[in-house]
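Here is a protein model to read through by question and answer. Look at the fold before starting.

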Amino acid sequence: QRIGLSGEGTDAVVILEKTPFQEEKIPDLLKKPTNTELQMHNDIYCTFYLRPPPELSEIKATVVYPATEKHIQKYLRQEVHLIRETWEDYKSITLPYIQSQSFSIQWVYNILEKKAEADRIVHENPDPSTGFVLVPDLKWNQSQLDDLYLIALVHRREIKSLRDLTAEHLPLLRNILQEGKEAVAKRFGVPGSQLRIYLHYQPSYYHLHVHFTALGHEAPGSSVERAHLLPDVIDNLAMDSLYYQKRALTFPLRADEPLFKKFQEAGKV
């Protein structure tokens with residue numbers, strides 16, 4: 001939605017999300033019958049509306065301010081189409097589009113340079129070639145492990161996406177996989193076998209990053225048409241250094257995205 005902050009009338013994006021219930025607080029939620037309203041009772045089945053106290057009714061608010069038109073469009077409901085991008089399509093359509101845009105990733109550099117979120121860093125490998133920083137994603141409030149979500153940001157700035165990866169990047173990717181799992185297990189007690197570790201294509205921003213989410217959490221973008229498991233990426237590059245410069249990749253695009261219009265103009269949709 002659009003709102004004005006500080007009376008300036010500037011556009012902002014406000015995302016309101018109900019935080020997951022914590023198991024240990026469920027008994028407190030059910031102990032207050034005065035805040036319970038029966039809606040339906042049929043044999044053994046009952047439906048109630050509960051009005052929990054404020055301490056059990058947290059809502060997470062994420063604010064993007066000031067928001068550009070691109071930010072606003074990102075969060076509006078739109079038709080989605082699947083694109084099948086060949087390597088030739090990438091070179092002739094996607095890459096020129098990426099290079100023509102001024103995507104701001106200053107917030108990524110702020111984290112890497114410890115100008116922001118330094119106190120949130122879970123793990124860092126400082127090597128400029130094979131190192132990365134692991135931080136909690138903004139979508140995770142760190143109050144429970146059910147929706148655990150972290151992001152590994154690589155120190156190297158020239159790697160835009162999956163398409164740029166070759167066997168030369170295997171030490172970097174293996175570091176992220178191994179050290180990332182170890183860091184999550186040490187800090188949060190979640191073993192690697194309960195993590196979904198993957199890259200997006202297309203990514204939401206063009207600086208290589210890897211997602212770490214709880215396996216039981218249906219995180220946005222974890223579906224098969226966009227997520228590429230990091231162990232599979234490593235195996236593919238180990239077999240063929242140019243794997244991601246050869247194969248076609250499928251990904252979803254919203255109908256209002258400029259890149260989708262580029263594929264339409266090229267007769268690829």
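The questions below go from the whole chain to single residues of this predicted model.

Q: How many helices and strands are in the protein?
A: The protein has 269 residues. Its C-alpha atoms fill a box of roughly 65 × 45 × 45 Å along the principal axes. The count of secondary structure elements is 7 helices and 12 strands.

Q: What share of the contacts with a separation of 6 or more comes from residues 24 or more positions apart?
A: A contact here means heavy atoms within 4.5 Å. Among those with a separation of 6 or more, the share from residues 24 or more positions apart is 66%.

Q: What percentage of the residues counts as buried?
A: Buried means under 20% relative accessible area. The accessible surface comes to about 15,200 Å², with 53% of it on carbon and sulfur atoms. Of the 269 residues, the buried part is 41%.

Q: How far apart are the mean positions of the positive and negative charges?
A: The protein carries 32 positive and 36 negative charges. Their mean positions are separated by 3 Å.

Q: Which residue is joined to Tyr 65 by a cis peptide bond?
A: Most peptide bonds are trans. Here omega is about -5°. The partner lies in the loop between strand 4 (59-64) and helix 2 (69-74). It is Pro 66.

Q: Which residue follows Tyr 201 across a cis peptide bond?
A: Omega of this bond is near -5°. The residue sits in the loop between strand 9 (195-200) and strand 10 (209-214). It is Gln 202.

Q: Is Lys 114 buried, partly exposed or exposed?
A: Most residues other than glycine have a negative phi. Lys 114 has a positive one, near 60°, in the loop between helix 4 (106-112) and strand 6 (123-125). Its relative accessibility is 43%. Because that value lies between the 20% and 50% cut-offs, Lys 114 is partly exposed.

Q: What is the phi of Gln 142?
A: Gln 142 lies in the loop between strand 7 (132-136) and strand 8 (149-154). Its relative accessibility is 37%, so it counts as partly exposed. Though not a glycine, Gln 142 has a positive phi of about 65°.

Q: What is the area of the nonpolar surface patch that includes Leu 50?
A: Leu 50 belongs to strand 3 (residues 45-50). It is partly exposed at 36%. Leu 30, Leu 38 and Phe 48 join Leu 50 in the patch, whose area is about 400 Å².

Q: How far apart in space are Asp 119 and Val 80?
A: Asp 119 sits in the loop between helix 4 and strand 6. It is exposed, at 73% relative accessible area. In sequence, Asp 119 and Val 80 are 39 residues apart. From C-alpha to C-alpha, they are separated by 37 Å.

Q: Which residue forms a salt bridge with Glu 168?
A: The structure holds 12 salt bridges. In this one, the N to O distance is 3.0 Å. Glu 168 is partly exposed at 46%, whereas its partner is buried at 14%. That partner is Arg 156.

Q: Which residues are joined with Glu 113 into one network?
A: Glu 113 is partly exposed at 34%. A salt bridge links Glu 113 to Lys 115, with the closest N and O atoms 3.0 Å apart. Asp 164 and Lys 160 meet in another salt bridge, at 3.3 Å. By salt bridges that share partners, the residues in one network with Glu 113 are Lys 115 and Arg 157.

Conventions: Residues numbered from 1 in each chain as written. Predicted model: local features only at pLDDT ≥ 70, side-chain atom pairs only at ≥ 80, totals over all residues. Heavy atoms only, no water. Helix = DSSP H or I, 4+ residues; strand = E, 2+ residues; numbered from the N terminus. Buried < 20%, exposed > 50% of the residue type's maximum accessible area, 1.4 Å probe, protein only. Areas by Shrake-Rupley, 256 points an atom, 1.4 Å probe, with all protein chains shown as cover. Lys, Arg positive; Asp, Glu negative; His and termini not counted. Charge placed at Lys NZ, Arg CZ, Asp CG, Glu CD. Patch = residues over 30% accessible without salt bridge, like charges linked within 9 Å, V, L, I, M, F, W, Y side chains within 5 Å. Salt bridge = Lys/Arg side-chain N within 4 Å of Asp/Glu carboxyl O.
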